[in-house]
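Subject: The structure I promised you

Hi,

Here is the structure we talked about, with the sequence alongside. Open it in your viewer and keep it next to this email while you read.

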Amino acid sequence: MTGYYDIVLGLIPVALLGITAALTVVGISLTAAVPIGALVSMSIIGHAMFINTPTDVSDEANSARPPLNAD
């Protein structure tokens with residue numbers, strides 16, 4: 001199952017290369033297209049790190065069974 005962070009890892013190079021190539025085809029110079037593509041990639045990384053932060057899932061939430069007693 002593909003999660004949010006798997007999609008983010010795929011979008012980073014796609015955004016960098018795809019936007020750079022699209023802007024170059026449109027007529028913007030490569031010198032200007034690369035930083036624009038990099039800004040989009042950095043915003044995707046920033047969203048994944050600061051807006052939709054990874055969280056630790058507690059062990060209690062994962063288990064449906066009660067813990068075994070040591071007695």
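To get you started: where is the place of Ser41? Ser41 sits in helix 2. Please keep in mind that this is a predicted model. I'll come back to Ser41 in a moment, after a quick look at the whole thing.

**The overall picture**

The protein has 3 helices and 0 strands, and going along the sequence the pattern reads α-α-α. Of the 71 residues in the protein, 13% are buried. The accessible surface of the protein is about 5,800 Å², and carbon and sulfur atoms own 69% of that. Now think about contacts with a separation of 6 or more: 52% of them in the protein come from residues 24 or more positions apart.

**Back to Ser41**

Is Ser41 buried or exposed? Ser41 counts as buried because its relative accessible area is 5%, and buried means under 20%. Try finding Leu16 too: Ser41 and Leu16 are 25 residues apart along the chain, yet 5.8 Å separates their C-alpha atoms. If you skip the neighbours within four places in sequence, Ser41 is in contact with Ile12, Ala15 and Leu16.

**Ala15, across from it in the contact list**

Ala15 belongs to helix 1. With a relative accessible area of 9%, Ala15 is buried. What does Ala15 touch, once residues up to four places away in sequence are not counted? The list is Thr20, Gly37, Val40, Ser41 and Ile44. For Val40 there is a distance you can check yourself: Ala15 and Val40 are 25 residues apart in sequence, and C-alpha to C-alpha they are 6.6 Å apart in space.

**Thr20, a polar residue to click on**

Thr20 is also found in helix 1, which covers residues 4-26. Thr20 has a relative accessible area of 9%, so it is buried, given that the cut-off is under 20%. Which backbone oxygen does the side chain of Thr20 reach? That would be the one of Leu16, at 2.5 Å. Leaving aside neighbours within four places in sequence, Thr20 is in contact with Ala15, Leu30, Ala33, Val34 and Gly37. Ala15 turns up here, just as Thr20 turned up among the residues that Ala15 touches.

**Out on the surface**

Next, have a look at the nonpolar surface patch of about 440 Å². Ile45, Met49, Phe50 and Ile51 make it. One of these, Ile45, is found in helix 2, which runs over residues 30-51. Why does Ile45 count as partly exposed? Its relative accessible area is 31%, and partly exposed is the range in between under 20% and over 50%.

**One aromatic pair**

Finally, the rings. How many aromatic pairs does the structure hold? The structure holds 1. Tyr4 and Tyr5 form it, edge-to-face, at 4.9 Å centre to centre and with 80° between the planes. Both partners are partly exposed: Tyr4 has a relative accessible area of 30%, and Tyr5 comes in at 34% relative accessibility.

That's the tour. Have a click around, and drop me a line with any questions.

Cheers

Methods
Residues numbered from 1 in each chain as written. Predicted model: local features only at pLDDT ≥ 70, side-chain atom pairs only at ≥ 80, totals over all residues. Heavy atoms only, no water. Helix = DSSP H or I, 4+ residues; strand = E, 2+ residues; numbered from the N terminus. Buried < 20%, exposed > 50% of the residue type's maximum accessible area, 1.4 Å probe, protein only. Contact = heavy atoms within 4.5 Å. Areas by Shrake-Rupley, 256 points an atom, 1.4 Å probe, with all protein chains shown as cover. Polar contact = N/O pair within 3.5 Å; in protein donor to acceptor, adjacent residues only side chain to side chain. Patch = residues over 30% accessible without salt bridge, like charges linked within 9 Å, V, L, I, M, F, W, Y side chains within 5 Å. Salt bridge = Lys/Arg side-chain N within 4 Å of Asp/Glu carboxyl O. Phe/Tyr/Trp six-rings, centres within 6.5 Å; stacked < 30°, edge-to-face > 60°.
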